[in-house]
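Here are my notes for you to read alongside the model. I have grouped them by region, so please keep the structure open as you go.

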Amino acid sequence: STNSRPPTAVIAGGGPAGALTAKVLSERGFNVQLYETYPHPDDSKHGAKEESSKAYVISVNPRGQLALKRCGIDPLTDLDAAVVSEAVVRHNSTNGKTTVIKPDGGTHRSVLVRRRALTASLLRAAEKSGAEIHCGWRLKDVNFEKREVTLVEGTEQEAGTNEKTVHYDLLVGADGVRSQTR
C-alpha cells in the first residue's frame with residue numbers, strides 16, 4: 001500500500017536559512033513545521049522586541065539577490081531600508097591601511113538589508129507557501145531512532161514547562177551552532 005500523506009519536514013530555526021528552507025520544502029509537497037525559539041519578527045504585539053539602533057545587517061551579493069528573486073522577494077523593493085553597496089571597505093588592523101574594493105569596477109552591487117526584515121519576509125513567504133510557523137518553541141531533544149523531536153515552549157531563560165513531541169520524516173537543523181540536531 002502507498003502512504004498518501006505528504007512527508008513531514010521539521011525545521012528547527014526560523015532565521016533566513018530556516019525560513020527559506022521551509023518555503024522551498026513546502027512548495028515541493030512537504031508538510032512543513034518550522035519551530036523558532038523567539039517571537040515572529042513581525043509580531044511586536046506578542047513580545048518581539050523593537051529593533052535596536054544596532055541592527056544586524058546582512059550583505060546580499062548578486063547571486064543571493066537572484067535566489068531571493070526566485071522566491072518572490074526583491075531585496076531592493078520588498079525589504080525596508082535596503083541599501084545598495086557598490087564597494088567594500090576593508091581596514092587592516094595590523095598595518096592600519098584601508099582598502100576600497102569595487103568588484104567588477106563597481107557593477108557588482110551588493111544589497112545591505114536588516115536581518116530582521118529579511119527573516120520576516122522569508123517567514124511570510126514560507127507561510128504563504130503552506131508552511132506552519134511555530135514561534136516561541138525551542139528544540140529540546142532529538143530521538144533519531146524514533147524520528148521525533150521534543151520541543152519546549154519559551155527560551156532557555158524562560159524555562160518553559162509546556163512540551164510536545166513531533167514526528168518527522170525530514171529534520172533540518174537551522175538553529176545555530178549549538179543545535180540539538182548535530
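**Notes on two sheets and a pocket**

1. Let us start with one pair: V83 stands opposite L112 in β7. Here helices (H or I, at least four residues) and strands (E, at least two) are DSSP runs, numbered from the N terminus. This is a predicted model, in which local features need pLDDT of at least 70 and side-chain atom pairs count only at pLDDT 80 or more, while totals for chains, interfaces and linings use all residues. Residues are numbered from 1 along each chain as its sequence is written, and side-chain values use heavy atoms, with hydrogens and water left out.

2. That pair belongs to the contact of β4 with β7, where the strands run antiparallel over 3 bridges; two strands count as paired if DSSP finds at least two bridges between them. The open sheet around them has 3 strands in the order β3-β7-β4, with antiparallel pairing. Its edges are β3 (57-60) and β4 (83-85), each of which pairs on one side only. On average, neighbouring strands here are turned by 30° against each other, direction ignored. For the angles, axes are lines fitted to C-alpha atoms, for helices over the stretch in contact, and values run from 0 to 180 degrees between N-to-C directions.

3. On the other side of β7 (residues 110-114), β3 pairs with this strand in the antiparallel sense over 4 bridges. Two partners are handy for finding the register: I58 has V113 in β7 as its bridge partner, and V60 has V111.

4. What lies across β3 and β7? Helix α2 (residues 62-70) does, running at about 95° to β3; contact means heavy atoms within 4.5 Å.

5. Do look at the second largest pocket, with a volume of about 180 Å³. On a 1 Å grid over the protein atoms alone, a pocket is an open set of points where a 1.4 Å probe fits, with protein on both sides within 12 Å along at least five of seven lines; lining residues have an atom within 4 Å of a point. Grid points are joined across faces, edges and corners, and the volume is the space filled by probe spheres set on them.

6. Which elements give two or more residues to this lining? They are α1 (16-27), β3, α2 and α4 (115-128). The lining includes P16, L20, I58, V60, G64, L68 and L122. By class it divides into 9 nonpolar, 3 polar and no charged residues, with Ala, Val, Leu, Ile, Met, Phe, Trp, Tyr, Cys and Pro counted as nonpolar, Asp, Glu, Lys and Arg as charged, and the others, Gly among them, as polar.

7. Helix α1 also holds both E27 and K23, 4 residues apart, about one turn of the helix. Their side chains meet in a salt bridge at 2.2 Å, N to O. The structure holds 4 salt bridges, each being a side-chain nitrogen of Lys or Arg within 4 Å of a carboxyl oxygen of Asp or Glu.

8. Another open sheet has 3 strands in the order β9-β10-β11, again antiparallel. β9 (137-143) and β11 (163-167) are its edge strands, each pairing on one side only. β9 is joined to β10 (residues 148-153) by 6 bridges, and β10 to β11 by 5.

9. V152 of β10 is worth a click: V152 is the bridge partner of R138 and has E163 in β11 as a partner too. Elsewhere in β10, V149 stands opposite V142. The hairpin of β9 and β10 has 4 residues between the strands, and R147 takes a positive phi near 60° there.
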